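Me: Could you take a close look at the empty spaces in this protein for me? I'd like to know what lines them, starting with any space that is closed off.

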Amino acid sequence: MAAAEMVELWRGGLLESTHRGHAVICDEKGEVVQAWGDPGRVIFPRSSCKMLQALPLLESGAAEAAGLTDAHIALSCASHQGSALHVNMASRWLADLGLGEPDLRCGAHEPYDRAERDRLIIGHEAPCQLHNNCSGKHSGFLTTTRHLKAGPEYVELDHPLQKAIKAATEEVTGEASAGYGIDGCSAPNFAMSVAGLARGMAKFASAAEAGSTRDRAMHRLTRSMAAHPELVAGEGRACTELMRAMGGRVAIKTGAEAVFVAIIPEKKLGIALKIEDGNSRASEAALVAILAQLGVLDASHPMAQKRLPAPQTNCRGLTVGELRLASGFL
């Protein structure tokens with residue numbers, strides 16, 4: 001099935017670009033409620049699946065044994081900005097485990113947060129692994145690894161942690177993984193269909209606080225993210241701003257190459273979408289449109305309007321174009 005036209009960029013009254021993609025909404029039974037493009041399109045979920053990767057942290061008892069708060073749980077699902085807030089929290093987390101930055105296996109990159117980046121430059125300091133946007137996830141990985149008394153190379157495919165993540169991923173999505181790739185942070189990323197990813201998010205959405213071990217884990221992960229949106233991404237980021245706009249009713253998570261998911265507990269729905277060309281402006285706009293259609297996001301909210309319809313301005317502040325929904329999408 002062909003990808004659906006979802007988002008367009010207009011300039012000077014002419015269509016300049018079209019973003020095509022795939023999106024699926026699933027209900028608590030795993031049934032497809034609505035779909036665009038090809039629900040069976042196999043994708044790498046990238047960072048949108050961090051809630052799946054965090055399941056062993058809770059299910060193994062590692063989180064409870066380490067005394068992790070909901071803030072820690074939110075950071076374990078984060079693709080953060082590397083701000084002082086994120087870096088300091090990850091640093092304290094590791095110290096409480098008796099570990100440190102060298103124990104991480106995510107690698108270092110310059111922080112996305114401008115204030116922290118400027119602080120490093122002024123102080124002639126190099127960024128470290130704590131600045132990596134995945135350092136919270138990896139702190140969770142280390143917490144689980146220590147609890148399991150497993151080896152230090154926790155990103156290796158045959159490590160007990162990654163085996164547990166793969167098993168949990170396949171169980172929750174209801175399908176065998178189509179393969180794996182290595183993510184930017186060096187961890188395996190298990191491929192799945194867009195429908196499988198949406199099915200998994202619907203299970204998170206319908207998980208009961210008083211249910212099974214897995215239900216309790218999914219419930220806590222979802223609620224922790226929604227309660228601490230500033231930890232999941234950071235100021236100015238879509239995940240943080242849109243979760244705030246929805247008042248903690250919905251948990252959302254982006255992934256590289258224009259993947260996005262949403263977990264809607266009040267409707268027991270899960271959403272997954274992928275924009276074919278990997279453009280995040282389009283994935284944000286498409287997600288806003290779907291959330292507004294479902295009635296969980298006010299389309300007139302400034303954080304929604306920031307993304308759809310999104311005026312395109314140039315360096316002088318002149319409005320030169322607009323991002324719009326493609327005709328026929330929604």
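Reply: Happy to! Let's begin with the lining of the largest cavity, which is made by Gln53, Ala54, Pro56, Leu57, Ser76, Lys137, Gly140, Phe141, Thr144 and Leu161. Two elements each give two or more residues to this lining: helix H2 (55-59) and helix H7 (135-148). Of these, H7 provides the largest share, with four residues. Sorted by class, the lining holds five nonpolar residues, four polar ones and one charged one. The volume of this cavity is about 50 Å³, and a search of the whole structure turns up one cavity of 30 Å³ or more. Please keep in mind that this is a predicted model, and the volumes here are computed from it.

How is such a space found? Rolling a probe the size of a water molecule over the atoms shows where empty space is left.

Now to the pockets, which are open. The largest pocket contains about 490 Å³ of space. Its lining counts 31 residues, and those closest to the centre are Arg237, Thr254, Gly255, Ser280 and Glu284. If you want to trace the walls in the viewer, the elements giving two or more residues are helix H12 (238-245), strand S8 (251-255), helix H13 (280-293) and strand S11 (310-313). Here H13 gives the largest share, four residues. By class, the lining of this pocket divides into 11 nonpolar, 11 polar and nine charged residues.

The second largest pocket has a volume of about 320 Å³. Its lining is made of 13 residues, with Leu58, Thr213, Arg216, Ala217 and Arg220 nearest the centre. Helix H3 (62-65) and helix H10 (213-227) are the elements that contribute two or more residues to this lining. The largest share, seven residues, belongs to H10. The class counts for this second pocket are three nonpolar, four polar and six charged residues.

One last stop, on the outside. Leu157, Tyr180 and Ile182 make a nonpolar surface patch of about 290 Å². Tyr180 sits in strand S5, which covers residues 180-182. Why can Tyr180 count towards a patch? Patch residues need over 30% relative accessible area, and Tyr180 passes that cut-off because its relative accessible area is 44%, which makes it partly exposed.

Technical notes: Residues are numbered from 1 along each chain as its sequence is written. This is a predicted model: local features need pLDDT of at least 70, side-chain atom pairs count only at pLDDT 80 or more; totals for chains, interfaces and linings use all residues. Side-chain values use heavy atoms; hydrogens and water are left out. Patches are made of residues with over 30% relative accessible area and no salt bridge: like charges are joined within 9 Å, nonpolar side chains (Val, Leu, Ile, Met, Phe, Trp, Tyr) within 5 Å. Accessible areas come from the Shrake-Rupley method with a 1.4 Å probe; for residues, only the protein chains shown count as cover. A salt bridge is a side-chain nitrogen of Lys or Arg within 4 Å of a carboxyl oxygen of Asp or Glu. Buried means under 20% relative accessible area, exposed over 50%, partly exposed in between (1.4 Å probe, protein chains only). On a 1 Å grid over the protein atoms alone, a cavity is a set of points where a 1.4 Å probe fits but cannot get out, and a pocket is an open set with protein on both sides within 12 Å along at least five of seven lines; lining residues have an atom within 4 Å of a point. Grid points are joined across faces, edges and corners, and a volume is the space filled by probe spheres set on the points. Ala, Val, Leu, Ile, Met, Phe, Trp, Tyr, Cys and Pro count as nonpolar, Asp, Glu, Lys and Arg as charged, and the others, Gly among them, as polar.
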